[in-house]
Amino acid sequence: MANEQYPKRSLDEVEILANGLNISYFTSVEIDLTVPIPIEDIAEHFLGYSIDITDEGLFSDPNFLGGIDFEQNLIYVNASVEDHDGRYAFTVAHEIGHHVLHREAYLNDKEQGKREILCRDSGEKPQIEIEADRFAAALLMPSSVVLETFNRIKPKPKASTIGQARGVANEVIKEGGFSNVSNTAMINRLIDLGAIKAAYQNGLVHKGHRGSLITRMVRGTLAKLKSFR
Ligand SMILES: [Zn+2]
């Protein structure tokens, strides 16, 4: 899929669009925004997609995590992630990200004959995949709920090693009720929102430049993990 046809979105814009979808959805069902985000309900009942969990064709390769067909209103999820609640929800949310961020550009470019976006787990992600990942994280882990939960945890947890970061993410998941989010996805979200770094800057771990170095170290460790989901 050529990237040139899609306008590049800033991360702030992606955050705003994901928040906007959550607000529209929760307004439509007349309940307050709460986690876990009912991602299947958003996909199926709010946006009108069917979810097809499949291991056929391309999806016999587990690296093809999911896909979205804009003409048939179908979201594909690789059957290999079905039993992993965090990965399943993230994949559905990622495909919803393509719906919000990329569908219009796709429809304007119909002569290309592309009916769908297929999502492959690869080291170097194309821009639209990075955007859809960020959208999924923002949709499943709204910044306000993550930060409010993180700030409620006392004493402030340490996250100077990857093991400690996993512990912090676990606490936020349990305390906040993020039951459809993986530990790795929550660590990434906490870093992206500056929550882990904020703890260092408050001097709760170390003062000085150590925080940003540690943040880079944690990021570096995560980059080595095969999947961010
Ligand atoms: Zn994708």
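This dialogue walks through the helices and the sheet of a predicted model.

Student: Before looking at any detail, how many helices and strands are there in the protein chain?

Tutor: The protein chain holds 9 helices and 4 strands, and, read from the N terminus, its elements follow the order α-α-β-β-β-α-β-α-α-α-α-α-α. Of its 229 residues, 36% count as buried. If you take the contacts between residues at least 6 apart in sequence, 69% of them join residues at least 24 apart.

Student: In what order do the strands form the sheet?

Tutor: In general, the strands of a sheet pair through backbone hydrogen bonds, and the pairing is either parallel or antiparallel. Here 4 strands make an open sheet in the order E1-E3-E2-E4, with mixed pairing. Its edge strands are E1 (50-54) and E4 (116-120), each of which pairs on one side only. On average, and with direction ignored, neighbouring strands of this sheet are turned by 15 degrees against each other.

Student: How many bridges join E2 to E3, and how many join E2 to E4?

Tutor: Strand E2 (residues 64-69) is joined to strand E3 (residues 74-78) by 4 bridges, and the two run antiparallel; E2 and E4 also run antiparallel, with 5 bridges between them. You can follow this residue by residue: Gly-66 stands opposite Val-77 in E3 and opposite Cys-119 in E4, while Gly-67 has Tyr-76 in E3 as its bridge partner.

Student: What do E2 and E3 form, and which residue in the turn has a positive phi?

Tutor: These two strands form a hairpin with 4 residues between them, and in the turn Asn-73 has a positive phi of about 50 degrees.

Student: Which strands does H3 lie across?

Tutor: Helix H3 lies across E1, E2, E3 and E4, and its direction is at about 35 degrees to E2.

Student: At what angle do the axes of H2 and H3 cross?

Tutor: Two packed helices are described by the angle between their axes and by the distance between the axes. For helix H2 (residues 39-46) and helix H3 (residues 85-107), the axes come within 9 Å and cross at roughly 40 degrees, which means that H2 is oblique to H3. The crossing of H2 and H3 is left-handed.

Student: Which residues of H2 and H3 meet?

Tutor: From H2 come Ile-39, Glu-40, Ile-42 and Ala-43, and they meet Ala-89, Val-92, Ala-93 and Ile-96 in H3. Sorted by class, this contact of H2 with H3 has 7 nonpolar residues, no polar ones and 1 charged residue.

Student: How far apart are the axes of H3 and H4, and at what angle do these helices pack?

Tutor: The axes of H3 and helix H4 (residues 127-140) are 7 Å apart, and the helices pack at an angle of about 115 degrees. The crossing of H3 and H4 is right-handed. Residues of H3 in the contact include Phe-90, His-94, Gly-97 and Leu-101, and among those of H4 are Ile-128, Glu-131, Phe-135 and Leu-139. By class, the residues of the contact of H3 with H4 divide into 12 nonpolar, 4 polar and 2 charged.

Technical notes
Residues are numbered from 1 along each chain as its sequence is written. This is a predicted model: local features need pLDDT of at least 70, side-chain atom pairs count only at pLDDT 80 or more; totals for chains, interfaces and linings use all residues. Axes are lines fitted to C-alpha atoms, for helices over the stretch in contact, and angles run from 0 to 180 degrees between N-to-C directions. Angles under 35 degrees count as roughly parallel, over 145 as roughly antiparallel, 65 to 115 as roughly perpendicular and the rest as oblique. A crossing is left-handed if the near helix is turned anticlockwise from the far one by less than a right angle, and right-handed if clockwise. Two residues are in contact if their C-beta atoms, placed from the backbone, lie within 7 Å. Ala, Val, Leu, Ile, Met, Phe, Trp, Tyr, Cys and Pro count as nonpolar, Asp, Glu, Lys and Arg as charged, and the others, Gly among them, as polar. Two strands pair if DSSP finds at least two bridges between them. A residue is buried if 20 or more other C-beta atoms lie within 10 Å of its own, exposed if 12 or fewer, and partly exposed in between; C-beta atoms are placed from the backbone.
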